[in-house]
Structures are given as C-alpha cells and as structure tokens.
Amino acid sequence: MSLKLIQGPPNSGRAGRIRRGLVDVLDRDPVLVVPTLDDVYEFERELCAEGAILGAEVMTFGGLFRAVASAGGAPLGAVFTPAQRLGAIAAAAAGRRGSLGPLRTSARRPGFPRALARLLDDLQSAGLEPEDVEAAAGTLEGSAYLGDVAALFAAYTELRDRLGFVDTHAIARKAIGLLEAGGAKSWRRPVFLYGLDDLTPNQLALIRALVPLVEVTATLPYEQGHAALEERSAPLLAALAEIGIDEVEEAPPDPGNTESPLLFHLERRLGADEPARLPPDAESLVFLRSAGTRGEAEAIALEVARLLAAGADPEEIAIVVRDPARRGPQIAAVLESYGVPTALEAEVPIATTSVGGSLAALLEAVLGAGRASDLLRYLRGPSGVAPARVDWFERRLRRRLVRTAAAALELWEERYEEPPPDVARIREAASRPSDLATTVAAIAGAMGARAATEIEARAGGAIATAMSERAGVEGLAPPPASIARELATLSVRVWSGPVRDRVRITDPRRVRAARFENVFVASLQDGEFPRAAGHTDPFLSEHQRDSLGLPPRRDEEAEERYLFHACLALPKRRLFLSCRDSDENGAAEAPSPFLDEIERLLEAGEGDVRGRVLAEVVHRVADAPSEDELARAIAAWGPGAEPRLLLEAAGAGDDVAARIATRLAAARSAEAATRAPGPLSNPAVIEALEEVRAYGGTTLEGFDVCSYRWFVSHELSPQPLDPLPDPLVAGGIVHAALCALYEERPADDALPRPPTLDAWIVRGRELVAEIAAGRGLGKHPTERAMLARVEGLLARFLADEAGRGEACFEPWLLEAGFSEAEETEMPALEFEGWRLHGAIDRVDRAPDGRALVLDYKLSGKVTPREKLEEEAKLQLQLYLIAVAELWGAEAAGGLYHPLRGTSERRPRGLVREDAAAELADYGLSKTDKVDRAEFDELLADARRRAGEIVARMRSGRIDRDPGPRPGLRNHGVCPQFCEFAPICRRDRAPVEPASDEEEDER
Ligand code: SF4
C-alpha cells in the first residue's frame, strides 16, 4: 500500500482534497483523523452536508489507536480516565517520595503529580518503558536525577498494572505491536490524516505499521521557502520521508479561498525578506489599540457587536488569544454583558471557581491546616448555608480574633448546636479515603447544582466525576491529608459542547485547522504572543531527551511565529489585530513584535486604527453596543445633557429612545433621592425623634459634624464586622483606669506627686490588667501590644501630673454622671424643652469652690478655644454648665487633655483668666484664656447652638451637610475619619476655586 502526502500552505484547499479523497473510498469504511474533538464535530457536519453520512468515521488519534487495537481482537481492559491516571501518578509519587534523591523536595509540591504526568506522557508517547529510562540513567550525566524519574515511572506502571488498568499510551503500544506482529491484518480501512502538524513517536510508529497494509494520506502545512512553515514542518516532513512517501501532491496557495487580497498577502509574506507592500484596507484589516485589559476587552466586544448588528454569524467570529485561560474570562464577561453568547475554550484551575475554591477550603479547614478563614471561605461559597448565619459567624470570628477552625466551629456549635452539615459529613467520612472521596463528590455535585453560573455547575460536575472515579478504584482515592491540595490541582473547561451561535474565544493551536469570516487576534503583547522563552518541560535537559530517544524540543521562537502565521490564515474576510499600549494606570505596555512585521507588509499610512484610550470610561453614544451601555454613555454626559438629542445623534430608533429615556429618568430620580436623604418625612419616624427627651454632648456634636452621618451611625447604628478599633478600646481602658486610680488615691495622695508617682504607676498598671481581664482582653498578641501602649500612656500622664507642682485644684468628681437613670449621681440637666445627660471624666475643685472640667482624649491634638465651634465642639461647654447648675460649683474652666501627644501634650480649651494663674503648670495657651464675660458668652452660645441642633434633630432635617454652619472654615468639608462616604455618595472631588469675580460677588 502507500503513503501519500498533500502538502501546501494554509488556504491551499488541503481540507477539500482530503474530503474528496475520503468520499472517493466511502465504500471501504475510511477513517479521518483530526487534531481535536471540535474538529471531529466540524468535519462530521461538513461530511453530512456533502451527503457522506455513512461509511467514513472521523476521530482523533486516540480513537485510531483504540480502533486498531480492537480490530486486532485484543481485549483493551479497563482504561484509566484522566482523573484516575493523575490519581495513580500522585499515589505512586507519594509512595516513592521517601526513597527519592534530587526530586524529593519537588515531589512534595502540590503541582508535582501534574508535571510528572506531562513527563510520563512524553516518555510513554515515545514508546519508552521504565527500564529504558533506568538504562539511560546508568549512562548519562545527572544519572541520580534520571534514576528518580525511572523510579517514579516504574512505580506508576506497577500500580497501574496491579490495579488491572491500562492507559491510552498502553493502548497505543498495543495497537502498534499488533500491526507490527501481523495481528491486525484484518485492518483494511484507508486512513486520512488532516491538520496534524505534530506527530509523536507512537503516532509515527502507527503510520509506519499501517502503510504496508492500507493507503495512508496525510496533509502537511509545508511550503518550501515559506518563512513560517518551512522551519516548523521540516522535522515532521523528514520523519514521514523516513517512513517512505510514495506520492506528494502539492497544494498551491489559492487566493480564491480568502475574500481579501490583503489578508492573502499577509499570510503569504509574513517573515519574508524584503516583502512587497500593499496599501492598508480597512475592510479587511483593523488595528485595535487600547488601554488596559478591560479597555481592550470592551474595544473587541464593541467590534463584535458591530459585526453581529451588520448580520454576521456568531459562529463565524473567533477571538484568538495565546493564553485563553488568562485573558479569555474578561473578554467573555464583557461580551456576555453586551448580550453576546460566547464559548470560551479554556481550562481554568478548579480552585479559581467558587465551587472548587470553597470545597478546597472546607477540606483544608477540617482535614488540613485548620484555619478559621478557610471555614469562612467555604461558608461564603455555594455551601447552602443562609447568608445571615454566615454574616453573624464572620462578625463573631473577627471580633473575637478567632484563628483556628476548631475554635470557630466551637462558636458555631454554641449557637446552632451542630456543625454545618458538610463539616459533619467530611468528619464522618475522614477515616476511609474512598468514603471521603465519595462524600466530596456528593458535596461538589450539590454545590454545582446550587451555583448560579454554567462554569460553577461544570466545576461541581468535574470534581464529582474525578472524585467518584478515584473512589471507584482501590488505592486511588486521595488520602485525607492531601485531598484539598489534590482537588485544587484539577481544572475545568469553561465551555464544552457545540459552539453553534456562539463567538469562540480560543487559542491558536485549537483552531489552526479552521476558518472564520472574522478573526480577532487579541492581547498581542511582547512576552504574551510571542510568549517569553522558557515555557519548556522542567524535567529533562535537551541532552537527556536526546539520549532517551525523545524528539528534540521545538524551537520556541519558530513555534510562536508558526502560531501567529496560523492566525493570519484563519480569516476569510476580516482580521482585527488588538494590543494594549498601556495598562489601566497608564503605564506603558510593549506591543508584540509581530505587529511590526505586519507593518512591514503594508504601505505607509495609518490604516484603520480603533480602540479605547484611557480617558474613555464609557462608549461614545453613537457606538454603544447595548442598551445598558447606551444608557451609561448618555449618563456620562451629566445631568444637563438632553437624552433625546443624544439619542437622535446616535441614530437610536424610537422604541430604543423611549426605553432609554424612561430608564434614564428613573435612574436620575433614584440618584437624586439618594443624594437628598432628608428631610425625613415618615410621621412615625418624626414622632419617634420628637419623643427623645435627653441628649448626650457627643450626640449633639455628631449631628453638627454631619446630620447624615449622625443619622446613619446613631439612629441606624450599623454593626461593624471587625473588633472595635484599638483607639476606642484603649480609650475605654484608660478612662476606667484613671477613674479607679483617682478614686483609690494610691499612697493616700489626691494627686500623683514626685514621691508617690511610682506607687501611682504601679497601681495604674495593675488596674489596666484587671480591667483588661474583666473585658476578656489580653489573649491575642495585638491585644497585648495595645495594653502595653495603654500602660505607657497612663504612666506618662501620671508623670505629667506629678510634674505640675503644688496645685490648688484637686480632683473632686470622677466619672460624674447625670442622666434620667436613677443610678446616676445627678438628674439630667434641663434646658429649654430638652435635657442633657452625660458623664464628666473629671472635675477638679479649688478650695474656694471654683471648678475645672477635664476631658481625657486619646489623641495627640485637641481642640483649642478658638476652634470650638468650627470643629463642632459643644460637650466641654455644656459640661461646664452642668457642673454649675447641678453641682453648684463655679465653673472656671474646661480642658481637653491629650494623652497621646509625643512632644507636646498641652491641654486646650477655655479657662477664665482669674483661674489661669493657678493653672499655670498646665502650660495654658494665651488664646485659651478668656475674661469672665467672654467665658459666659461662650457657654451661652453653646447652649443656643445645642438648642438649635435639638430642634433640627426633632424635625428630621437630615442632609449631607458636613461641617457646622455656613461661614465657618469646615463648612461643607467631610472629616477624614468619616467612613460613610460609600453610603452617602457625596461628591468629594476638589471644588474648583472660585474666580476673582465670583469671589467679589460673595
Ligand atoms: S462623607 Fe461627608 S456627607 Fe457623607 S456622611 Fe460623611 S461627613 Fe456626611
């Protein structure tokens, strides 16, 4: 019989010649072998369309090996599934790990079984057995290393044989052996090979064994003198020549297979020396240059939407990226958001899916590292646990600083009396690996069923299949200690199934045998396409490969050029070449050198260059590819824009215009509503606000800082997830410790003085420890650090007090409470129609009855007298009124005492001049000293402002109005500490300074 070669460049009609040859021998049951399953479906469709339904069979090379082996009558036996093979390799590696030499450390890594599987594929597809590798190890440099490889290889094959399985490579060897031994003489089916630009040694051996029996016809993308093809296909041509080629049919390039002369020119001339140039042609070649991956995805999606709107068939559009697992998801997401169905042909790590990630986290939490964060991650995934429970759980974990899964589960069980159901199932099954794998499969299946997206459902299915397959074979179920890591090494195809009516996002290798009307080659960046060098198998050097009889590695640069050339040959009508000039932050990104090569094939001139620059945050109105994008584009014109005019300009039809106008109106009124939260109008709410009788000083201040902020924090009272911030906790402890300390009076002294300072500090430390223990603090390192800081602050404050010399003011009231509650010392203070309640940190009194109010602040700076109103401070003044009216003292001054200042801890506030001399050791500021009239006026002013605030509160006048009243410096300025900006959405962009004229008008 014979070997016939059909050789020619892409678009030379090789597929048509193969099909015709196939149809000619339909009566002899021919076989067509193609690279991928997608190609199988595609060729089956085409053959059906030509009426060749019966007779021919289309398959991949794996199918041919199986068919030949079966034809020889040999039983194939049970075949490993990919998951079982990987499981067997992992088990073999784990079993041999202890006796390994140089590979011992690598063998502990989670990705090792997968890398070893690739190496074994390489060795087995060359027909090698463990003994061959072992023999080579005895003769080669680095033999210990190869010895490890041989040992791992042997461990795998021993396990496989012991379990009574075969793998696809063993079937290949069986098929070749049968043919060589004359055992498959009944094989009489002609064989056609299409699109195979790489053949493994086993595949070549099969062809060699088939040629004497039947006609074998193969196509080869080869053309003498073609820069991209000659070098790449030469080794395969030589291998086939060595078998013995009986006939060569040259397929010359056919411009009729491509609608565009320019595209034909690009494919023909890529890489040629001094090529001819053609003028750019916007109908067939478009360049997209964008900023950032999102911008690039949107630019591509916009062009796809345009093509579809112009009547293109989605199946006739392909987006080719060198690494679809990395770049494909974002492009697919943008296209789907524009309503374009996609088929992303990529495998992504299962751990990146919600199902895979949360299941791996569950296994880690229960059987692995045992972290609370893993347990939480599982619960946040599609666990089926109510989100409200998970919210509660997360809050509890964070507040109690829980780190271990065991402690976290204790908390859960305290409240719900039993662990989450999947935790219980995993615990129960953990003693038997096969039960555990079956349980994990069941949980994955249930998670996949609960998941909202196709990829998640597929991830659940992939895990369930892999685990069930491994559980079904004794010894292949993953051990409990490593099941989480093994699960995380699985991957899942984002799309599987027919690609009808979908835009394909794929890699160049997968579609190199296909054609499309429109093709996008995306992410053309240097280092991405062409890939940076170094993507080679990590196990074997070139010398070792040679000694083992493995084919040499392909030249990486030639391979990248070959794949880019394949992309140029894909489109029949139009090609889009897309790259990024910068990332999202404007940092430059280097475009692919292949783009320079394309430019060398074009006459000078811009060509058609489109894309998204950094400044374009939405599409142009006229370009918007979907109604959502159109609404966004119009909204970006701002509230003053007239949607009707923009829609007319964009050429939107009446029905679209009406829908967009309605949506914009609704969106604008909703937006306006959120911008103006008040005044509150619900009568029940107003009534509840009016009924409040007593207010605290900080509440009034909070309202004055911003009424919206007060309403959210004080009335709606959202609960933070995290523990209280350190300064708040530390402040509480300092206040409590100072109160207790001054009540106790260590060394029987009213104030710390140099001789008694040590006693005060020692007792202060004890009090801090007691208070912290009473509050359950001190177990976590961060808490201990915070307590150490508190002790330091306390000691320093006491030293400051002791350094002030003899004082005539001495502590009189501590935590002096006044409120409507019975247990406080004094009742709430009555004002005009409202009451004030509070607790004053400390009041010192002079023998003549004058009182000084002290308010401790855990900050480095405090508010001086002249900024009291500007910073919305009222409490100090109101406490002075309370001391006078409730306790009958003569208010002489009030001071905020900073505890945290480093170089200066000067108290600030307001002090009557007649008391200033006695308080000189406080280092009072000149501006804080006021005469009696001004002092009284400040208190009267505070009383008036407080009354106004109460009136506003009661009437529900809530607005986003940061800063006290107009005219003051802070008016309209949001304080830096406000964490509600994401809720209130007040525009905090810097305000343009007013022009001189506007300033004059004011
Ligand atoms: S960000 Fe400004 S306007 Fe919004 S709540 Fe805070 S202070 Fe008020």
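**Entry: helix H36**

I began with the buried residues of H36, which are Phe935, Leu938, Leu939, Ala942, Arg945, Ala946, Ile949, Val950, Met953 and Arg954. For burial I used these cut-offs: buried is under 20% relative accessible area, exposed is over 50%, and partly exposed is in between (1.4 Å probe, protein chains only). An α-helix has 3.6 residues a turn, so residues three or four places apart point the same way. Helices here are DSSP runs of H or I with at least four residues, strands are runs of E with at least two, and both are numbered from the N terminus.

I then checked the length of H36, which covers residues 932-955. The expected span is 1.5 Å times one less than the number of residues. For the 24 residues of H36 that gives 34 Å, and the end C-alpha atoms are 35 Å apart, which agrees. After H36 comes Gly956, with a positive phi near 75°.

**Entry: what I am looking at**

I note that this is a predicted model, where local features need pLDDT of at least 70, side-chain atom pairs count only at pLDDT 80 or more, and totals for chains, interfaces and linings use all residues. Residues are numbered from 1 along each chain as its sequence is written, and side-chain values use heavy atoms, with hydrogens and water left out.

**Entry: backbone oddities**

Most residues other than glycine have a negative phi, and most peptide bonds are trans. With that in mind I looked up the exceptions.

Which peptide bond is cis, with omega near 10°? I found the bond from Phe529 to Pro530. Pro530 sits in the loop that runs between strand E15 (516-521) and helix H22 (542-548).

Arg745 is not a glycine, yet its phi is positive, near 55°. I placed Arg745 in the loop between helix H31 (726-744) and helix H32 (757-774). Arg745 counts as partly exposed because its relative accessibility is 35%.

Glu815 also has a positive phi, near 45°. Glu815 belongs to strand E19 (residues 810-819), and its 32% relative accessibility makes Glu815 partly exposed.

**Entry: Gly893**

Is Gly893 buried or exposed? Gly893 is buried, because its relative accessible area is 0%. Its place is strand E24 (residues 890-898). I also looked up its separation from Arg45: the two are 848 residues apart in sequence, and their C-alpha atoms are 94 Å apart in space.

**Entry: salt bridges**

My rule: a salt bridge is a side-chain nitrogen of Lys or Arg within 4 Å of a carboxyl oxygen of Asp or Glu. By this rule I get a count of 87 salt bridges.

I started with Arg380 and Asp391, whose closest N and O atoms are 2.9 Å apart. Arg380 is in helix H15 (residues 372-380) and Asp391 in helix H16 (residues 387-399), so this salt bridge ties together parts that are 11 residues apart in sequence. Arg380 is partly exposed at 40% relative accessible area, and Asp391 is partly exposed at 34%.

Next came Asp800 and Arg905, a salt bridge with its closest N and O atoms 2.8 Å apart. This pair links distant parts of the chain, 105 residues apart: Asp800 is in helix H33 (residues 781-802), and Arg905 is in the loop between E24 and strand E25 (908-912). Asp800 is partly exposed at 23% relative accessible area, whereas Arg905 counts as buried at 18%.

Arg842 and Asp844 also meet in a salt bridge, 2.9 Å from N to O. I found Arg842 buried at 0% relative accessibility and Asp844 buried at 1%.

Which residues are linked in a network of salt bridges? I noted Glu303, Arg306, Asp608, Arg610, Glu616, Arg620 and Asp623.

**Entry: charged patches**

For patches, I took residues with over 30% relative accessible area and no salt bridge, joining like charges within 9 Å. Lys and Arg count as positive, Asp and Glu as negative, while His and the chain ends are not counted.

Arg97, Arg104, Arg108 and Arg485 gather in a positive patch on the surface. Arg97 lies in the loop between helix H4 (82-96) and helix H5 (112-124), and counts as partly exposed at 31% relative accessibility.

Glu129, Glu131, Asp132 and Glu134 gather in a negative patch on the surface. Glu134 lies in helix H6 (residues 130-137), and counts as exposed at 54% relative accessibility.

How values were computed: Patches are made of residues with over 30% relative accessible area and no salt bridge: like charges are joined within 9 Å, nonpolar side chains (Val, Leu, Ile, Met, Phe, Trp, Tyr) within 5 Å. Accessible areas come from the Shrake-Rupley method with a 1.4 Å probe; for residues, only the protein chains shown count as cover. The place of a charge is taken as NZ of Lys, CZ of Arg, CG of Asp or CD of Glu.
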